[in-house]
Amino acid sequence: MLDRDALLRDLNPPQREAVTAGDGPLLVLAGAGSGKTRVIAHRIAWLLGVRGVDPRHVLAVTFTNKAAGEMARRVADLLLPAGVRAPLIATFHAACVRILRQHIKHIGYPPHFTIYDEDDRLALVKEGMRELDLADRTWTPASLVHRISAAKNQMLTVEEVERAARGPREEKIAALFRRYQERLAAAAAVDFDDLLLLTVRLFDEAPAVLAWYRGLWTHVLVDEYQDTNRAQYRIIRQLTGEHRNVCVVGDPDQSVYRWRGADIRNILDFETDFPGTCVIRLEQNYRSTRRILAIAAAVIAHNLARKDKTLWTENAEGEPAAVYRAWDEHEEANFVAQTVLAARAAGRPWDEIAVFYRTNAQSRVLEDALRRGGIPYVIVGSVRFYERREIRDALAWLRLIVNPADDVAFRRAVQAPGRGIGRATLVRLDEVATREGRGLLSLAAAPPADVTGKPGRALEDFAALVATLAARREGTTLPAFIDEVLNASGYREDLKQERSAEAEARLENLEELIAAAEDHARTEGGATLEGFLDGIALVSDVDEWKDDARGITLMTLHSAKGLEFPLVFLTGLEEGVFPHARSMGSVDDVEEERRLCYVGITRAKERLWMSYALHRRIHGYGLGEPSRFLLEMPEEHLTLLGAAGRADAREAAPVAAPAATGDDDLPLKVGARVRHGRWGEGLVVGVERSGDDVLVTVRFASVGRKQLSLQYAQLEEL
DNA sequence: GAATAAATTGTTTTT
DNA sequence: CAATTTATTC
């Protein structure tokens, strides 16, 4: 047994309550920096070490593998003295893979299914577009992938999408969706969305399997609940609907994955979904200074669709945040580099510093400046290891060996290295494959009549080689096998022949892949090729980031969620960049961007620098107006650096900002009738100036009195 | 069929 | 503007 007092000693009262709450649904609304991870870890330790729950009966779900690893480490630290084993802590996707690998046969899939990632998906959609003559200018492949994914995230079946299709455009999309699913099935492959959907289906259609898991996991904990989607919600319900021992932790203000299907209603409606829920709020922040928190609060307060919540802290007031207006992105990057060097000179280690940006593309200029300044850095994301060409080529071979039906892998492997099989041959092969409903590899073993001569023989040789390798798999270790595949395929030799620096780097990366397999074999004990490939399919950017990095960290705001740094830079705070141009169309989109901004600000413990550029080269548009988020921050907590005066900022912003002089030119008068996109028509009952903004009080027929900030609310005068 | 040159075209965020 | 797709040449 664990010492319960020791476990609770360093927790504040609400944290303690969350850790010790008994069975039944538990919702922990945990503000940024309120010790959320700590609470989950301690609760798990409480369940196992004090309440005596068997570790096998607990499932904890996190958002990234890194978070899972971190959680496992903390739980192990707490439980080690009591000699208790840690429970299963995994991402939703990883847990689903585990379940599906074991039971997917109940819904008619083979257990050795392949997981298709974003690239494979794109390849599939492109093939489908060609097939269905969708290759005109109307859609981009990426947008169609997105639409298919959106449909799946809403848990719509192909039939439902077909039925709901109105007009030729939607019918074409539905047809593509059908083709996409058919191709997936033919390749014995599933995509990311399927991992969740098929688990739901499995539980629906195989009640015995569900019953088994219900009995197995009697206690379920879910982190980052605000970012769960419909399917994940269903899985939680399926697993816990009966015993209702479900503890979810999250913060609606940090929900930033709506575009990926996350449904904020999951957390907002949790209390009604699980009647009798015990709700605990963690509102004391242990991370940031008071000023940083005040800035974050002011920004997030501009979201209308939001339950009000106030974070407080006992931390020091801290320094004001700095805002830097740069002439262009290069000057912005130099500013970051110079400030980083100054911090370093003041004794701050590199790993206390992080630079965030909205899009990966922004990292380039920053990298250049850092390199010039001799500043070591680590980038999370951008070109991921497992997305490099040579790695994907090698993985294609491995995937094909595991799953001979994997056509996407076939296309890749058969041309890596080139072996005289080109487009024409593949088109012919594909025609027959589609007609006869067969896989490309099985056709290659006995090529159709119209593929003769050299290409025909090359296909046969290729198929034979894959078969030989597949047979050799059992006899050797995983790393040795990968090594053998690289040699037997001729891929390594091909690169060696090139004798360029680039080829040299690629060869090194292949060695790194083998090293990764060695790692995997070591940590997982009896490592299988399948397990290795699963792991790779599910790694995220942040997973690869090591926090003992000997450099400053560069990453997107999305990757930054869940992390914290003493010194933080938020760059590219311009309209069109952040909020992103593609997210400025609707109020909901902008509110999600604002939450992302909130996430960024609240990563900072001590110091925060924010910057924007007046000129930025993003193909075409890009005259930098300062981000609306900057204008939402309280001036008293900001220091303006360089020539970047607040007045200048405002001048550069042709936002419908009310003129600063005179009281008569208020844009609305009491008694005016207005329309709001969300609440409909209303009557203006009050108008007052508040700092730089104008607050309008409106009486709506639908929801009564509301005070709106004119600058951000979409009000139309009638 | 493959290598090279020219044209085009797309760009958020990611498990 | 860089990366990918398509046209051209060998």
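**Exercise 1. Helix 9**

Determine which residues of helix 9 are buried, and compare the span of helix 9 with the expected value.

Solution. In helix 9 of this predicted model, the buried residues are Ile173, Ala174, Leu176, Phe177, Arg179, Tyr180, Arg183 and Leu184. To read such a list, recall that an α-helix has 3.6 residues a turn, so residues three or four places apart point the same way. For the span, take the 20 residues of helix 9, residues 167-186, for which 1.5 Å a residue gives 28 Å; the end C-alpha atoms lie 29 Å apart, which agrees with that expectation. Beyond the helix, Ala188 follows with a positive phi, near 50 degrees.

**Exercise 2. Two aromatic pairs**

Classify the ring pair of Trp212 and Tyr213 and that of Phe569 and Trp609, and state where Phe569 and Trp609 are placed along the chain.

Solution. The structure holds 14 aromatic pairs. In one of them, the ring centres of Trp212 and Tyr213 are 5.1 Å apart and the planes stand at 85 degrees, so this pair is edge-to-face. Tyr213 has a relative accessibility of 3% and therefore counts as buried, the cut-off being under 20%. Trp212 and Tyr213 also belong to a cluster that ring pairs form together with Phe203 and Trp217.

Turning to Phe569 and Trp609, the centres are 4.7 Å apart with 15 degrees between the planes, and the pair is stacked. This pair links distant parts of the chain, since Phe569 belongs to strand 15 (residues 565-570) and Trp609 to strand 16 (residues 604-615), 40 residues apart. Phe569 is buried at a relative accessible area of 2%, and Trp609, at 8%, counts as buried too.

**Exercise 3. Charges over rings**

Find the ring over which Arg230 lies, and the ring over which the charged end of Arg260 sits.

Solution. Arg230 lies over the face of Tyr233, 4.7 Å from the ring centre. The charged end of Arg260 sits over the ring of Tyr257, at 4.3 Å from its centre.

**Exercise 4. Strand 12 and its sheet**

Describe how strand 12 is covered on its faces, identify its pairing with strand 15 and strand 14, and place these strands in the order of the sheet.

Solution. Begin with burial: five of the five residues of strand 12 (residues 353-357) are buried. In a regular strand the side chains alternate between the two faces of the sheet. Here Ile353, Val355 and Tyr357 cover one side, while Ala354 and Phe356 cover the other, and all of them are buried.

Next, consider the neighbours. Strand 12 pairs with strand 15 in the parallel sense over four bridges; among the partners in strand 15, Val568 bridges to Ala354 and Leu570 to Phe356. Four bridges also join strand 12 to strand 14 (residues 552-556), again running parallel, and in strand 14 Thr553 stands opposite Ala354.

Finally, assemble the sheet, which is open, has seven strands with parallel pairing, and follows the order 13-14-12-15-16-11-17. Strand 13 (377-379) and strand 17 (638-641) stand at the edges with a single partner strand each, so one side of each has no neighbour in the sheet. Neighbouring strands of this sheet are turned against each other by 25 degrees on average, direction ignored.

Terms used: Residues are numbered from 1 along each chain as its sequence is written. Chains are lettered from A and ligands numbered from 1 in the order in which they are written. This is a predicted model: local features need pLDDT of at least 70, side-chain atom pairs count only at pLDDT 80 or more; totals for chains, interfaces and linings use all residues. Side-chain values use heavy atoms; hydrogens and water are left out. Helices (H or I, at least four residues) and strands (E, at least two) are DSSP runs, numbered from the N terminus. The expected span of a helix is 1.5 Å times one less than its number of residues. Buried means under 20% relative accessible area, exposed over 50%, partly exposed in between (1.4 Å probe, protein chains only). Rings of Phe, Tyr and Trp (its six-membered ring) pair if their centres lie within 6.5 Å; planes under 30 degrees apart count as stacked, over 60 as edge-to-face and the rest as tilted. A charge sits over a ring if NZ of Lys or CZ of Arg is within 6 Å of the ring centre and within 35 degrees of the ring normal. Two strands pair if DSSP finds at least two bridges between them. Axes are lines fitted to C-alpha atoms, for helices over the stretch in contact, and angles run from 0 to 180 degrees between N-to-C directions.
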